[in-house]
Amino acid sequence: MTSARDPRYDCLFEPLAIGPVTTPNRFYQVPHCNGGGYRDPTAVARMREIKAEGGWGVVFTEQVEMHHSSEISPYIELRLWDDNDIPMLAKMSDSIRSGGALAGIELAYPGINGPNLYTREVPMAPTAMPVRTYTNDPVSARSMTKRDIANLRQWHRAAFRRARTAGYDLICLYGAHGFGVIQHFLSTLTNHRTDEYGGSLENRSRLMRELISDAKDEVGDTMGITLRLSLHELVGDLGFTNEEVRELVGMNGSVPDLWDLAHGSWEDCSGASRFKEEAAQHDLVKGIRELTDRPIVGVGRFTSPDVMVKQLKTGVLDLIGCARPSIADPWLPRKIDEGRVSDIRECIGCNMCITGDTTMSLSRCTQNPTFMEEWRRDWHPEIMNAKGASENILVVGAGPAGLEATHALGKRGYDVVLAEALETLGGRVSLESTLPGLSAWGRVRDYRTWQISQLGNVNVYPDNELSADDVLEFGSDHVALATGSHWRRDGVSRYHVKPIGTQGSLPVYTPDDIMGGTKLTGKVVVFDDDHYYMGAVIAEQLAKDGATVVLVTPSAYVSEWTLNTLEQGFIHKRLLDNNVGIMRNCAVTQLMSGAVQCTDTYSNIDSTLDCDSIVMVTSRLGNDALWQALSARESEWIDYGIKSIQVIGDAQSPAPIAWATFAGHRFARELDEPVRNGTESPLPFRRELARLAD
Ligand code: ADP
Ligand code: SF4
């Protein structure tokens with residue numbers, strides 16, 4: 001295809017040497033987890049291959065545990081413990097290289113971050129102390145002896161050779177986010193040694209230099225050796241600070257072939273859009289490039305080519321590092337190259353992708369429902385399956401499920417009508433994007449409405465609430481009901497499976513009321529038995545409106561599920577900053593006039609909390625009235641020419657936005673398709689099974 005690239009973006013497409021290898025452009029997919037790892041290697045390989053096909057010049061694996069003496073189970077990454085792991089890793093590098101990218105492998109020795117729950121080896125660290133893991137595992141790491149350090153170097157040498165055998169172009173040594181042994185040696189937080197590996201920065205960086213020197217010795221003639229470091233540990237004076245990072249780079253400028261610089265902890269580096277802007281680490285990385293003659297890559301949830309160009313032109317970065325933007329749009333570089341910037345599916349910074357790792361399941365992306373389904377279901381993020389025998393599809397409801405279904409069906413070539421009751425499209429994302437910190441949610445709507453507007457075979461009718469008669473009279477071949485959900489007012493969720501008891505009268509609201517513009521004053525209780533982001537966001541909104549707010553939750557954590565999205569600590573702090581009172585391990589158990597009764601979840605002791613109103617952030621119910629009316633008339637469908645009516649998204653079962661875009665996409669993909677395998681209860685995706693031992 002003739003490139004119609006805007007010349008402003010040319011600098012993003014200049015090649016650059018990284019040691020002995022050369023990346024074709026400046027788009028660098030930094031290592032990122034995906035929840036699949038060694039359990040789903042072919043799914044991971046295909047996911048990476050599509051990124052290479054989409055124009056990323058460099059594509060890395062997730063962290064690869066390079067020796068069995070240090071591993072982070074239950075989290076599922078990749079492993080390079082012996083030669084048996086080489087074929088799996090070779091499959092990955094083959095896939096990446098077949099798409100034209102440099103294949104990178106990130107080698108990690110987790111050390112004090114590895115509890116070794118699977119291998120049962122005793123963890124090792126620069127200095128003996130309890131392991132530092134998300135789950136505070138009751139395990140300690142022992143202090144490494146000189147012999148251990150020598151062994152560690154030998155193990156790395158073996159891993160370097162295996163990485164080359166597996167066909168990689170780049171090796172990244174992981175020393176960032178508190179997850180890699182190099183950082184543990186560099187930081188006075190974890191290194192209290194008094195020998196030549198402790199004390200001065202010169203000493204603390206000795207292992208780093210030795211490992212890179214060993215790597216150069218083993219494979220440096222054919223592979224680039226990169227070093228991934230945190231730009232600032234952000235843990236006060238003890239930690240590895242930004243000043244020390246600059247000193248380190250100044251002292252060792254030419255040691256690695258590339259400096260890969262990431263923010264502090266993973267929470268900082270992968271900051272959700274509620275808490276971190278695009279290019280958030282700019283000030284921490286600015287100026288480091290002047291301290292070294294080696295290229296620098298940095299991240300920052302970059303989705304705008306103009307921001308990327310600025311990073312290069314102002315000399316802050318040489319390469320644009322992306323994890324989440326490459327997940328949301330694996331073809332981002334290619335779209336810039338082809339002059340299709342408006343087609344970029346921008347990451348919304350929700351961190352749902354990270355939950356694949358933290359829940360050890362499989363990553364999903366709110367914006368890109370095909371993520372990790374590229375091989376499992378043969379879903380390509382840009383190419384739809386061919387149109388089937390049906391012609392006309394009616395989609396009811398223009399939330400994320402309806403918009404995604406409409407877009408994907410339109411791309412397949414069906415004639416699609418999308419009817420929406422409201423004047424505005426977007427459903428819940430339009431409502432939620434008005435809440436504090438959630439404006440990026442609007443990108444879910446904006447990407448899809450723009451794409452739909454480019455399709456001649458799709459007609460959109462806002463301000464059109466359809467009844468069962470309307471749907472039947474429409475007479476399309478198939479109907480998708482994406483009519484969404486609403487928040488319950490009666491408090492039913494997990495703690496209460498029946499409505500909360502009431503004595504007297506207390507005004508009760510839901511997030512729908514607040515998103516609809518209701519302003520509350522006085523003392524307001526937010527009862528959060530939903531545990532994702534909504535309770536805290538509503539509390540923040542009410543506090544900003546001037547109410548005195550107390551958030552009550554039966555959980556030990558505010559917004560407990562956001563532990564999985566790495567937001568929980570930021571959310572708690574933001575509530576404190578907004579003077580929101582917090583009552584944990586506590587449930588609202590009775591509504592009274594001017595007060596609620598609260599019950600401690602452990603002691604069952606009741607207390608009274610005065611308030612003027614309560615907002616129930618407890619659970620949602622699907623809007624299924626239209627479906628009920630239509631299913632009651634199923635015998636008539638055939639008379640109107642309707643072959644099927646299906647409920648999708650929140651209307652079927654309320655869940656996060658990513659579930660809705662997935663449901664919309666799945667509906668579109670599977671329409672008119674034969675059932676896979678043709679068995680009675682077919683598995684809707686492929687999977688890999690462990691090979692049984694002889
Ligand atoms: P989801 O997350 O499943 O996409 P949303 O709640 O975001 O669900 O969106 C549902 C959309 O469906 C809303 O914009 C709502 O106005 C619309 N809707 C609900 N019922 C009807 C109907 N009978 N006719 C047309 N649109 C409807
Ligand atoms: Fe971005 Fe959310 Fe997709 Fe992750 S899940 S890539 S944060 S849109």
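# A walk through a predicted model

An oxygen atom of ligand 1 is 3.1 Å from a polar backbone atom of Pro400, and that is where our tour begins. Keep in mind as you turn the structure that this is a predicted model.

## Around the two ligands

Pro400 has company. A backbone N or O atom of Ala401 sits 2.8 Å from an oxygen atom of ligand 1, and for Arg428 the distance from such a backbone atom to an oxygen atom of ligand 1 is 2.7 Å. How much of ligand 1's accessible area does the protein cover? Taken on its own, ligand 1 has 580 Å² of accessible area, and the protein covers 90% of that.

Ligand 1 has 23 residues around it, and the nearest are Ala401, Glu420, Ala421, Arg428 and Asp650. Sorted by class, the shell holds 11 nonpolar, eight polar and four charged residues.

Now find ligand 2. It is surrounded by 14 residues, and Cys347, Cys350, Asn351, Cys353 and Cys365 are the closest. The shell of ligand 2 contains eight nonpolar residues, four polar ones and two charged ones.

## A helix on the inside

Next, look for helix H19, which spans residues 534-544. Is this helix enclosed or open to the outside? Because 10 of its 11 residues are buried, H19 is largely enclosed by the rest of the structure. The buried residues are Met534, Gly535, Ala536, Val537, Ile538, Ala539, Glu540, Gln541, Leu542 and Ala543. Just past the end of H19 you come to Gly546, whose phi is positive, at about 105 degrees.

## Two nonpolar cores

The largest nonpolar core is made of 93 residues, and Leu12, Ile105, Leu107, Ile171 and Ile182 have the most contacts inside it. Which helix gives the most to this core? Helix H6, at residues 206-219, does so with six residues.

Ile105 is a good residue to click on here. Setting aside residues up to four places away in sequence, Ile105 touches Phe60, Thr61, Val64, Leu80, Leu89, Ala163, Tyr168, Leu170, Ile171 and Cys172. There is also a second, separate core of 37 residues, and Met352, Val429, Trp487 and Leu542 are among its members. You have already met Leu542 as one of the buried residues of H19.

## A buried arginine

Arg228 belongs to strand E11, which covers residues 224-230. With a relative accessibility of 3%, Arg228 counts as buried. What does its side chain pair with? The side chains of Arg228 and Asp260 are joined by a polar contact of 3.0 Å. Apart from residues up to four places away in sequence, the residues touched by Arg228 include Val30, Glu106, Cys172, Tyr174, His177 and Val299.

His177 deserves a stop of its own. This residue lies in the loop between strand E10 (170-175) and helix H4 (181-186). Although His177 is not a glycine, its phi is positive, near 60 degrees.

## Residues in loops

The loop between strand E6 (102-108) and strand E7 (124-125) is home to Asn113. Arg120 and Pro123 are found between E6 and E7 too. Here is how these loop residues and His177 compare in exposure.

| Residue | Relative accessible area | Class |
|---|---|---|
| Asn113 | 9% | buried |
| Arg120 | 74% | exposed |
| Pro123 | 3% | buried |
| His177 | 9% | buried |

Arg120 also has a positive phi, near 65 degrees, in a residue other than glycine.

Which residues does Asn113 meet from further along the chain? Leaving out neighbours within four places in sequence, Asn113 is in contact with Ile72, Arg132, Thr133, Gly178, Phe179 and His184. Tyr134 is 21 residues from Asn113 along the chain, and their C-alpha atoms are 8.9 Å apart.

Pro123 has its own set of partners. Not counting residues up to four places away in sequence, Pro123 touches Gly111, Gly114, Pro115, Asn116, Val131, Val139, Ser140, Ala141 and Arg142. The C-alpha atoms of Pro123 and Phe13, by comparison, are separated by 43 Å, with their places 110 residues apart along the chain.

Finish at Pro74, in the loop between strand E4 (58-65) and strand E5 (78-79). The peptide bond joining Ser73 and Pro74 is cis, with omega at about 15 degrees.

Methods: Residues numbered from 1 in each chain as written. Chains lettered and ligands numbered in written order. Predicted model: local features only at pLDDT ≥ 70, side-chain atom pairs only at ≥ 80, totals over all residues. Heavy atoms only, no water. Near = heavy atom within 4 Å. Polar contact = N/O pair within 3.5 Å; in protein donor to acceptor, adjacent residues only side chain to side chain. Areas by Shrake-Rupley, 256 points an atom, 1.4 Å probe, with all protein chains shown as cover. Nonpolar A, V, L, I, M, F, W, Y, C, P; charged D, E, K, R; others polar. Buried < 20%, exposed > 50% of the residue type's maximum accessible area, 1.4 Å probe, protein only. Helix = DSSP H or I, 4+ residues; strand = E, 2+ residues; numbered from the N terminus. Core = buried A, V, L, I, M, F, W, Y, C linked by side-chain atoms within 4.5 Å. Contact = heavy atoms within 4.5 Å.
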